[in-house]
Amino acid sequence: MRVVLVGINAKYIHTNLAIRNLKAYFEKNCKEEDIKIDLLEATINDFLDDILERIVEFNPSIVGFSLYIWNFNQVLYLAENLKKVLPEVMVIFGGPEASYDIKGLLSRDYVDLIVIGEGEDTFSKLIVALKKGEKIEELKGIAFKDEKGIKINRTEENVDMNLVPMSYEEELDFQNRIVYYETSRGCPFNCTFCLSSLEKNVRVADLKKVEEDLRILAGKKAKIIKFVDRSFNYNIKRAIEILDIFRRIEGDTVFHCELNPELVSQEFVDRLSGLENRLHFELGIQTTTTEALKEVKRTKDVEKALKGVKLLKEKGVPVHVDLIAGLPYDTFESFKEAFNKVYNLKPDELQLGFLKLLKGTAIRERAQSYGIAFRSQPPYEILYNKWMSYKELTILKGIARLIDKFYNSHRFENSLSYFERNFDTPFDFYLELYGFLKEENFFFKENSLESLYEKLYFFAEKLNLNLPYIKELLRYDYLLFGGKGKFPSYIDYDQDQKEIAKNFLKNKDRLIKIFENRYTLQEIMKHIKIGYFTFDVPFLEKKENMVLVFDAEGKKEILKIYI
């Protein structure tokens, strides 16, 4: 019997841990030689009929799909057409979108069976029973159709995480993919918008197994290992022990973990020493509105949560912070306050997300009482509620895009800092920029990197700011963080300034001396970018200078020479 497990990822760099775990668990714990499991990974951007063709070529008896909000429609298309091409194939769904929409999915004639919740043990027992021709009517953890209708056999049993082997195969290109890994399942918290809150029982893998697995992945040159644990630091003692495992693993693998910000203690931060460049933390502040936090059962200790972010920033660990717009009791004005509090902490990345009414969550069940209207298609994102209108949420969506393009890219750090000083709050700056760019039809077309610099220049022109300085400030950011080649037209040199820069490069001996003989002339000329400035940017003082940026193979040096 041939089984194909299909994972449709959001991006190529992602990996599907679920289908890998199903295969690895079966091969370790079941000894059925006549069952072969194949994995097929693709992305939502791939041509669906190509994926369908690949599935059919396996000539499978069973096809299992891992179903999530990002691939829901693609999987339905594949399953429906697979059933038309191979009518005898059994189509099985698993994953959160399947577990919390059992009747809706089984009402479709191309879905035969659903694996509910954690699937490793259930799936293994299921396919063995099917291979042997045994009855599955009483098998726990599945739902299916029979002549009497839909039968749902739920189970309270959880998978022993120590029985789930390290499931990544040798041929995966680890250096170019995000490798997902989990040390725990379940969550001790009760956030009403999150599916993890439905699993109160937190289960963990033995730390000995965790270290063995991570050593294997790091040994295969995994560049980023992203932990899917819902709250890495829910148990501080265990979290610190895992940090010590990271420390013992040699190499430059980066470990990405999701933290609960109010649980970030000084003890935890102190134990990060020496790991600053090998960690990336994601923290969910969501909002700072007390009423909203209370309603969705998040911590109400806002200051403690913000302090957690601040402690990590001061330690020098890269920090990603999430905000969620559209929570009950959060108005446009209160969300503005939350935005400013988080933005002023200067996280390395700020994600302005929007409430999703996920199937199975408490907040979806209460949507009507909150006056929430949401999109019927995944990811079930909010349209409006009692406290925030569609128009206000649309404005925040535009600001979210500006945050991604300008703030999170780190290409405009000095320019943004200057603009912000001309407004009462950071949010006021982004709101004004949003209005300006909307009039320019910015949000309805693709924008090149060069055009982003030009748009900021036009914005400064509208605000009657110091344009000669803005021009050089944008040029400075482009030189330090932007693209290669000539500067965008609106921030480029005039002809006389170009000649000054060219003449500076002609003095080869001076260039070698400036870099203290650490590079050959050939290396310098190949990897150098140069800029001429009349301001001592990022300062406003008028002072003629050259800025040299040597950028090659991870080495980046910035030198300023006054002339």
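Biologist: Why is R247 called partly exposed?

Modeller: Happy to walk through this one, with the reminder that the model is predicted. R247 has a relative accessible area of 36%. Buried would need a value under 20% and exposed a value over 50%, so 36% puts R247 in between, as partly exposed.

Biologist: What makes the contact between D244 and R247 a salt bridge?

Modeller: The side chains of D244 and R247 come to 3.0 Å, N to O. The cut-off is a Lys or Arg nitrogen within 4 Å of an Asp or Glu carboxyl oxygen, so the pair qualifies. D244 and R247 both belong to helix α8 (residues 236-248), where they sit 3 residues apart, about one turn of the helix.

Biologist: And how do you know that R271 meets D244 in a salt bridge?

Modeller: By the same kind of check. R271 and D244 have side chains at 2.9 Å, N to O, and the limit is within 4 Å, so this is a salt bridge too. The pair links distant parts of the chain: D244 is in helix α8, while R271 is in the loop between α9 (266-270) and β13 (279-286), 27 residues apart.

Biologist: Is R271 buried, exposed or in between, and what makes it so?

Modeller: R271 has 32% relative accessibility. That value is neither under 20% nor over 50%, so R271 counts as partly exposed.

Biologist: What about E516 and R518: what makes them a salt bridge?

Modeller: Their side chains meet at 3.6 Å, N to O, and this still satisfies the limit of within 4 Å, so the label holds. E516 is exposed, because its relative accessible area of 59% is over 50%. R518, at 38%, falls in the partly exposed class.

Biologist: How many salt bridges does the structure hold, and which residues form a network of them?

Modeller: The structure holds 35 salt bridges. A network of them links E118, E120, E182, R185 and R203.

Biologist: Which residues form the negative surface patch, and what makes it negative?

Modeller: The patch consists of D46, D49, D50, E53 and E57. Asp and Glu count as negative, so the patch made of these residues is called negative. Take E53, found in helix α2 (residues 48-57): its 45% relative accessibility makes it partly exposed. Patch members need over 30%, so E53 passes that test.

Biologist: How do you know that the length of helix α14 agrees with what a helix should span?

Modeller: Helix α14 covers residues 390-407, which is 18 residues. At 1.5 Å a residue, α14 should span 26 Å, and its end C-alpha atoms are 25 Å apart, so the two values agree. The buried residues of α14 include L393, I395, L396, I399 and F406.

Biologist: What makes α12 mostly covered, and what does its reach look like?

Modeller: In α12, 9 of its 12 residues are buried, F332, F335, K336 and Y343 among them. As for reach, helix α12 (residues 332-343) extends 16 Å from its first C-alpha to its last, close to the 16 Å expected at 1.5 Å a residue.

Biologist: Why is Q286 called buried?

Modeller: The relative accessible area of Q286 is 8%, and buried means under 20%, so Q286 is buried. Q286 is placed in strand β13, and its phi near 70° is a positive value in a residue other than glycine.

Biologist: Which phi value does H410 have, and where does H410 lie?

Modeller: Phi of H410 is near 60°, again a positive value in a residue other than glycine. H410 lies in the loop between α14 and α15 (413-420). With 26% relative accessibility, H410 counts as partly exposed.

Biologist: Where are the cis peptide bonds at P379 and P538, and what are their omega values?

Modeller: The bond from P378 to P379 is cis, with omega near 10°, and P379 lies in the loop between β16 (373-374) and β17 (382-384). V537 and P538 are also joined by a cis peptide bond, with omega about 10°. P538 belongs to the loop between β18 (528-535) and β19 (542-552).

Biologist: Last one: what makes K356 partly exposed?

Modeller: K356 has 28% relative accessibility, which is neither under 20% nor over 50%, so it counts as partly exposed. K356 lies in the loop between β15 (349-354) and α13 (362-365), and its C-alpha is separated by 41 Å from that of K471, 115 residues apart along the chain.

Conventions. Residues numbered from 1 in each chain as written. Predicted model: local features only at pLDDT ≥ 70, side-chain atom pairs only at ≥ 80, totals over all residues. Heavy atoms only, no water. Helix = DSSP H or I, 4+ residues; strand = E, 2+ residues; numbered from the N terminus. Expected span 1.5 Å × (residues − 1). Buried < 20%, exposed > 50% of the residue type's maximum accessible area, 1.4 Å probe, protein only. Patch = residues over 30% accessible without salt bridge, like charges linked within 9 Å, V, L, I, M, F, W, Y side chains within 5 Å. Areas by Shrake-Rupley, 256 points an atom, 1.4 Å probe, with all protein chains shown as cover. Charge placed at Lys NZ, Arg CZ, Asp CG, Glu CD.
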